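Subject: The structure I promised you

Hi,

Here is the structure we talked about, so please open it and keep it on screen while you read. My notes on what turned up follow right after it.

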There are 2 protein chains.
Amino acid sequence: MLHDEVVNALRTALIDGRIKPGERVPEKAFCVALGISRTPLREALKVLAAEGHVVLLPNRGARAARLTRRDLDELFEVNGALEALAGELAGRRITEAGIAAIEVLHRDMAAAFERRDLEGYYRGNRAIHEAILAAAGNQTLEALYESVGARIRRARFVAPMPPGHWEIAMLEHDAMLNALRRRDGVVLSSILKTHLKHKRDEIERAGFAEE
Amino acid sequence: MLHDEVVNALRTALIDGRIKPGERVPEKAFCVALGISRTPLREALKVLAAEGHVVLLPNRGARAARLTRRDLDELFEVNGALEALAGELAGRRITEAGIAAIEVLHRDMAAAFERRDLEGYYRGNRAIHEAILAAAGNQTLEALYESVGARIRRARFVAPMPPGHWEIAMLEHDAMLNALRRRDGVVLSSILKTHLKHKRDEIERAGFAEE
DNA sequence: CCCGTAAGGTTTGCATGCAAAATGCCGCAA
DNA sequence: TTGCGGCATTTTGCATGCAAACCTTACGGG
């Protein structure tokens with residue numbers, strides 16, 4: 001399946017910044033880079049445009065989408081609503097096995113926290129959030145969350161976490177796990193909202209790479 | 001802009017049921033029907049696949065996506081979360097002009113209700129919901145809502161509204177308008193949730209065209 | 001010197017062509 | 001009659017070709 005691979009390759013390149021916001025995506029150059037012809041590349045660009053990762057200017061090709069502060073605000077608002085819904089649903093639907101799996105992820109993340117491994121912490125953090133989304137038992141929601149998350153991840157942040165915030169985030173995660181154990185979707189939902197709000201404040205303080 | 005028009009033409013055909021769920025979408029036939037070549041059609045199909053309106057089977061072409069009851073449940077859950085967020089945001093952000101505009105739509109819809117014009121009522125209903133979404137001042141949210149709504153609209157329902165339900169829906173709309181006037185996003189949000197839940201129950205009772 | 005403009009090259013948008021995969025059809029045998 | 005295998009046709013996936021739109025650059029007029 002050549003076509004899917006092209007979409008994934010480009011999307012990954014866009015998300016982790018190998019193609020920078022605002023940068024042009026000339027067809028020919030990427031064709032030779034990927035060793036394909038223009039047809040599948042163009043199809044991939046159309047899909048990525050529908051996903052919001054690139055913008056297509058008629059007769060002027062594709063550019064990696066610029067992420068304004070406003071876009072980021074909007075994405076965080078939507079992300080919050082999706083995560084809140086996921087929390088609520090997960091509270092109702094998560095299985096014992098699901099809770100156990102998240103407990104494992106939680107311990108891994110806590111271990112990363114203990115050894116001040118920020119990279120590992122972020123990975124674990126994301127894994128837990130995705131596990132909660134999966135536990136919500138709604139694939140449409142999961143796909144949308146993934147899509148919104150991917151757009152957010154395109155924003156690169158410049159400042160490190162201020163002291164104390166990491167600890168707070170960990171405490172919030174402890175609270176999440178407790179709520180999950182009690183299957184309390186309402187509380188889980190509100191913790192997730194708070195958690196995201198803090199992340200949002202973080203970015204507000206840090207400023208992000210664009211602008 | 002040929003490409004966009006093809007996407008829109010196909011999407012419309014899918015949403016209002018001219019292309020039925022599960023039906024194949026052979027490239028050649030649609031090329032001659034639309035008077036274009038296969039390239040732009042294929043690009044359009046990829047986009048529609050990304051939007052969830054068609055599914056692409058490798059080497060076996062495109063089919064109009066089937067909407068299972070489960071898909072519908074999932075879409076309603078997501079729709080509810082998006083609408084609830086919109087209600088909350090609209091309460092904070094709507095302008096006087098925005099409220100006035102919705103009051104006009106509301107009166108139109110009420111008039112359709114009075115003359116038992118179900119078609120007109122549905123149109124007005126949808127216009128109000130979209131106006132609330134617009135008033136939320138979040139274009140990302142608006143686009144997602146539109147996308148989810150489009151997928152829901154592909155489900156065709158078979159039974160008419162039971163007596164009394166229409167009246168209840170109207171009362172809920174009155175309550176929405178009141179909440180908006182008071183800029184009470186929390187209440188608006190919860191009314192929207194209830195309203196959608198009733199719509200959902202409706203469909204549960206009616207059964208939908210698939211299956 | 002600066003601005004407008006026109007020619008050249010480049011890039012995009014769509015059409016077409018070709019090979020591989022899939023579908024359907026027919027005959028054959030159990 | 002029913003099930004199976006092989007061939008022809010259709011359909012899909014990608015590459016390529018061609019015309020139109022765009023960008024660059026260089027030239028001439030003001």
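Let's start with a pair of helices in chain A: α6(A) passes α8(A) in a left-handed crossing. Before going further, keep in mind that this is a predicted model.

Helix α8 of chain A covers residues 165–181, and its axis and that of α6(A) come within 12 Å and cross at roughly 30°. That angle makes α6(A) roughly parallel to α8(A). If you want to find the contact on screen, pick out L118(A), Y121(A), N125(A), I128(A), H129(A) and I132(A) on the α6(A) side. Their partners on α8(A) are W166(A), A169(A), M170(A), H173(A), M176(A) and L180(A). What kinds of residues make up this contact of α6(A) with α8(A)? Nine are nonpolar and three are polar, with no charged ones.

Now stay with α6(A) and look at another neighbour, α5(A). Helix α5 of chain A runs over residues 96–114 and helix α6 of chain A over residues 118–135; their axes come within 8 Å and cross at roughly 160°. Because of that angle, α5(A) counts as roughly antiparallel to α6(A). This crossing is left-handed. From α5(A), the contact takes in I102(A), L105(A), H106(A), M109(A) and A112(A). From α6(A) come G120(A), Y121(A), G124(A), N125(A), A127(A), I128(A), A131(A) and I132(A). By class, that gives nine nonpolar residues, four polar ones and none that are charged.

Here's something fun to check: Y121(A) is part of the contact between α5(A) and α6(A), and Y121(A) also appears in the contact of α6(A) with α8(A).

Chain B has a pair to look at as well. The axes of helix α5 (residues 96–114) and helix α6 (residues 118–135) of chain B come within 8 Å, crossing at roughly 160°. So α5(B) is roughly antiparallel to α6(B), and the crossing of these helices is left-handed. Here I102(B), L105(B), H106(B), M109(B) and A112(B) of α5(B) meet a set of residues in α6(B), including G120(B), Y121(B), G124(B) and N125(B). The class count for this contact is nine nonpolar, four polar and no charged residues.

If you'd like the bigger picture of chain A, it has nine helices and three strands. Reading from the N terminus, the elements go α-β-α-α-β-β-α-α-α-α-α-α. The C-alpha trace of chain A spans about 55 × 35 × 30 Å along its principal axes.

Next, the DNA. Let's take strand C. Which of the 17 residues around DNA strand C come nearest? They are R38(A), R42(A), L2(B), S37(B) and R60(B), so you'll want both protein chains visible. Of the strand C atoms within 4 Å of the protein, 67% belong to sugar or phosphate, and the rest belong to bases.

A few individual distances are worth finding. An N or O atom in the side chain of R24(A) is 3.1 Å from a phosphate oxygen of DNA strand C. For S37(B), a polar side-chain atom lies 2.5 Å from a phosphate oxygen of that strand. R38(A) goes for a base instead: one of its polar side-chain atoms is 2.8 Å from a base nitrogen of DNA strand C. The elements giving two or more residues to the surface near this strand are α3 (38–51) of chain A, plus α1 (2–15) and α3 (38–51) of chain B. The most comes from α3(B), with three residues. By class, the surface near DNA strand C has four nonpolar, six polar and seven charged residues.

And then there's strand D. Of the 19 residues around DNA strand D, the nearest are L2(A), S37(A), T39(A), R38(B) and R42(B). Sugar or phosphate accounts for 67% of the strand D atoms within 4 Å of the protein, and bases for the rest.

Three side chains of chain A to click on here:

- S37(A): an N or O atom of the side chain is 2.5 Å from a phosphate oxygen of DNA strand D.
- T39(A): an N or O atom of the side chain is 2.9 Å from a base nitrogen of DNA strand D.
- R60(A): an N or O atom of the side chain is 3.0 Å from a phosphate oxygen of DNA strand D.

Near DNA strand D, α3(A) supplies the largest share of the surface, three residues. The residues of that surface divide into six nonpolar, six polar and seven charged.

Have fun exploring!

Key:
Residues are numbered from 1 along each chain as its sequence is written. Chains are lettered from A and ligands numbered from 1 in the order in which they are written. This is a predicted model: local features need pLDDT of at least 70, side-chain atom pairs count only at pLDDT 80 or more; totals for chains, interfaces and linings use all residues. Side-chain values use heavy atoms; hydrogens and water are left out. Axes are lines fitted to C-alpha atoms, for helices over the stretch in contact, and angles run from 0 to 180 degrees between N-to-C directions. Helices (H or I, at least four residues) and strands (E, at least two) are DSSP runs, numbered from the N terminus. Angles under 35 degrees count as roughly parallel, over 145 as roughly antiparallel, 65 to 115 as roughly perpendicular and the rest as oblique. A crossing is left-handed if the near helix is turned anticlockwise from the far one by less than a right angle, and right-handed if clockwise. Contact means heavy atoms within 4.5 Å. Ala, Val, Leu, Ile, Met, Phe, Trp, Tyr, Cys and Pro count as nonpolar, Asp, Glu, Lys and Arg as charged, and the others, Gly among them, as polar. A residue is near a molecule or strand if one of its heavy atoms lies within 4 Å of it. A polar contact is a pair of N or O atoms within 3.5 Å; within protein, one must be able to donate a hydrogen and the other to accept it, and residues adjacent in sequence count only if both atoms are side-chain atoms.
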